[in-house]
Structures are given as structure tokens and as C-alpha cells.
Amino acid sequence: MQRRYLSLAAAGLTTAMTLSLSACGSSADGGDVTLKLVAADYGDTQANSSQHYWDKLVKDFEKQNPNIKVEVSVYSWKDVDKKVEDMVKSGKAPDMAQIGAYADYAAEGKLYSADQLLSIPVHADFVPALAEAGEYQRIQYGMPFGASTRRLFYNKKLFAEAGITDPPQSWSDVAADAAKLKAKGVKMPYALPLGPEETQAETLMWMLSGGGSYTDSIGKYTIDSPQNVKTFEWLKKNLVGPGLTGGDPAKLNRQDAFNAFAAGDVGMLNGHPTLMKQAESKGIDYGTVDLPGVDGKAKATMGVADWMTAFKQGGHRDQVGKFLDFVYNEKNVMDFSGEYGLLPVTTSGSEAMLADSKYAKLHSFLRQLGGAEFYPANKTSWPLVSKTVKAKMGTAVGANGNPAGVLSDIQNTANEADNAGQ
């Protein structure tokens, strides 16, 4: 994964230079314009659907900009990426799409870059690590919209009953604590969701905790690196083999693991901020700590971001830029983050959240964001690699699993996809 840490000042200077060069090519449509936005739903019921957030935001925007109308269509995460893909293929790309990936569209020249759309202060306000994660060939096309990081959750009541006084900081602590929890009859001492729902996330968290990742510092896939092989051999031998995961990880999906934690059946698992609300609603007394690593806390945690993209087809660059400047103002960023338990994607929003005790439980997640590592979403090969990880990774740690062999197979697929995309 490319890791370049840019200061906000440097990012702003680069943006200013790019804007001065690109402004003369700006579209300037006269008259009324209707923009179409396709967005993902972060709510889990109709009552808290993202449609409500967008309806209010659009109403406020249109009051200030009567010549620009915005129509927002909200779809579930299960459907939204495919919906946008179909619209683009049919020649009816939306003006904007808030989705899970951007590299394919950027590679095909279908997207405006962020510096063609946003004002200098707004563009420079993105958290640098997130702005970088939205780059394709060093140009930002993906504008971060929702973000989260991961921590280890543990059930304080189950830990106390097992005589565990401190949460784990290393792999050996995880194994020892899981054994104590199992001895006390805990159904799932360590929940390891390597089922198909979000295998790529659990896999990356463990890669990072073992000193590896999906890619190296120049973006080359390193899936079958010695560090990654050792990580999954350790899991197979020390957690899965002794029965400390409470079942076959290949059959456990993330949401099922979260549900089991909220039901009081899980001692430990890796989770993101939305698990807090789910656990609290069921009365679970929990704590969170940095992801444990080989000899201490992991070198980095995983970060996840979803992406706002803007398609060139409609030609409404100026109007889209004006709307997105409004979307990313501090109030709207904070309203969205607060409603859905996510982390602000802007520096101003992050500072506001850290200064507000109302968001105290999110502070530990937020402090990790600047140094988090993300999926290699800047690679057009990533969707296929992610799909392959989902299909195969769970088998690596099973009774007859071969971590080195599975990782090698995925590496081969990644190399072929990467070469095909060049």
C-alpha cells in the first residue's frame, strides 16, 4: 500500500496549482440544473435511512442555490455498486455516486478528479491518509465520505468471570485469554469471521497485526509474504486448532459474529464503531483496545473508507463542485458522522469530534485514523482480489488448511489481475 504522508499545507498548495491550471476548462452551464446522486444507505431501519440525511441536506442546499436541484436515490450497500455499474454501462451515469470503489471508473477516464471540483479549503481539509487512499495514479478521484477504523472488543463480564484482569496486548495474550474463556464455558472465546461477508477485512487486520499487509510500500501485492504466512499458520495452530474460535471461521460472517457478541456469547473480536451501539443496546459491558500484534500492539490498524465520485458524462462540473463543497462543510460532516457512528473524513470534523465529550467513545477509533492502512482500492485489480480472498481465505485456517498454499493461490490471482490491468 502506498504510504505518503502529506501535510495539509502541501496538499492545499498542490490543489491550488492544479486548480489554477484547470479552471479555464470549467463548465459553466446556464439556467437551472438538476443533479442526480446515487448514495448508499448507512441506516439499518427505514427510520434511520440515509435518505433522511440527504433530504435535509439537499433542502438546505437548494435554499441557498435555487438554480441547482439535486435528486438523491438511496440503495442498500448490497445493491448500490451494481446499480451504478449498470447506469454507467447503459450510458446514463449519475452526476455523483457515493459507493465502495472508484479505481475502475478513474482508469476509464469517466471521473472528475477532486481538484477539478472542490474549492481549495475543502479539498485541503480531507484527512491526508484518506485523501491518499482515494488516489489513482497519484490523482485523487475518490473523495472519502464515511470512514472507520478497527479495534479489539472484549466482554468485560466474561473476562472477569474467567479471572482475566487486563485486556490482551499480544498474540500470546489473545491465546491465553481465549483458553481461560473456553474453560469457563464461553461459546466463542475469540470470534474469527472469515466467512464470505467481509473476509477481506478480517484478513487485513490479521496481516497488519503480524507485520504484513496486502501490498508493500510501492503498491506491489505481498499476499504470500513470509509475515502473512506466519500469521495464518499461528491462527490455525493457536486459535482454530484448539477450538478457541467456537466453530469453523470459514462459516462465520461478520454480522453473525457481531450478533453473537451482542448476545454475550463472544469473549473477543475485532470490530468497528457500529458494534458499540449494537452491544450497548443489548446491555453488554465491553471495552476496546488497539489490535494485538506479535509482541505487542499491532503496527497499524485497518481503516475503511467509502467514496464519493463525480462522473463527467453530465458535464455539470461547476454545479457538482458547489454541491460537494456544501456536503463537506463541517456541520454536514458532523451530522452524518454523529448519526451513523462513523469518523469524520475531514480534519476540521475530526478536531470538532475530539473536542466534544459527546463523542468520547469514538475518540480512540478517531485517533487511529491518521495512521491506518486501507485496502488497495487504488488498484483496478482489487475487486477481483477481494472476491478471491472472500472465496478462499477461510479455508486456510481450517482443520485441513494450508495457509501458505492458499496465500500463494491468491497471490497468483492478484499478479495476473495486476498485470492485465497495466
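Student: In which order do the five strands of the open sheet come, and what is the pairing?

Tutor: This is a predicted model, and in it the order is S2-S1-S3-S11-S6, with mixed pairing.

Student: What makes S2 and S6 the edge strands?

Tutor: Each of them pairs on one side only, and that puts strand S2 (68–75) and S6 at the edges. From one strand to the next, the twist averages 15°.

Student: How do you know that S6 and S11 pair?

Tutor: Pairing takes at least two bridges between the strands. Five bridges join S6 to S11, so they pair, and they run antiparallel. Ala147 stands opposite Ala305 in S11.

Student: And which strands does helix H13 touch?

Tutor: H13 (residues 317–327) packs on the sheet and touches S1, S2, S3, S6 and S11. Its direction makes about 50° with that of S1.

Student: On to the rings. Why is the aromatic pair of Tyr42 and Phe145 called tilted?

Tutor: The centres are 6.4 Å apart, and the limit for a pair is 6.5 Å, so the two rings qualify. Their planes make 45°; stacked needs under 30 degrees and edge-to-face over 60, so tilted is what remains.

Student: What does that pair tie together?

Tutor: Tyr42 lies in the loop between strand S1 (33–40) and helix H2 (50–64), while Phe145 is in strand S6 (residues 143–149), so the pair ties together parts 103 residues apart in sequence.

Student: Why do Tyr42 and Phe145 count as buried?

Tutor: Buried means under 20% relative accessible area. Tyr42 has 17% and Phe145 has 6%, so both names fit the term. Both residues also belong to one aromatic cluster, whose members include Trp54, Trp77 and Phe336.

Student: What makes the pair of Tyr375 and Trp382 stacked?

Tutor: Here the planes are 25° apart, with 5.3 Å between the centres. That angle is under 30 degrees, so the pair is stacked. Tyr375 is buried at 14%, and Trp382 is buried at 8%.

Student: How do you know that Lys379 lies over the face of Tyr221?

Tutor: Lys379 is 4.7 Å from the ring centre, within the 6 Å allowed, and it is listed as lying over the face. Arg151 lies over the face of Phe365 at 5.9 Å.

Student: Last one: what makes the link from Thr301 to Arg150 a polar contact?

Tutor: The side chain of Thr301 reaches the backbone oxygen of Arg150 at 2.6 Å, and the limit is 3.5 Å, so the distance fits. Thr301 is buried, at 7%, in the loop between strand S10 (286–289) and strand S11 (303–310).

Terms used:
Residues numbered from 1 in each chain as written. Predicted model: local features only at pLDDT ≥ 70, side-chain atom pairs only at ≥ 80, totals over all residues. Heavy atoms only, no water. Phe/Tyr/Trp six-rings, centres within 6.5 Å; stacked < 30°, edge-to-face > 60°. Helix = DSSP H or I, 4+ residues; strand = E, 2+ residues; numbered from the N terminus. Buried < 20%, exposed > 50% of the residue type's maximum accessible area, 1.4 Å probe, protein only. Lys NZ or Arg CZ within 6 Å of the ring centre and 35° of its normal. Polar contact = N/O pair within 3.5 Å; in protein donor to acceptor, adjacent residues only side chain to side chain. Axes fitted to C-alpha atoms, helices over the stretch in contact; angles between N-to-C directions. Contact = heavy atoms within 4.5 Å.
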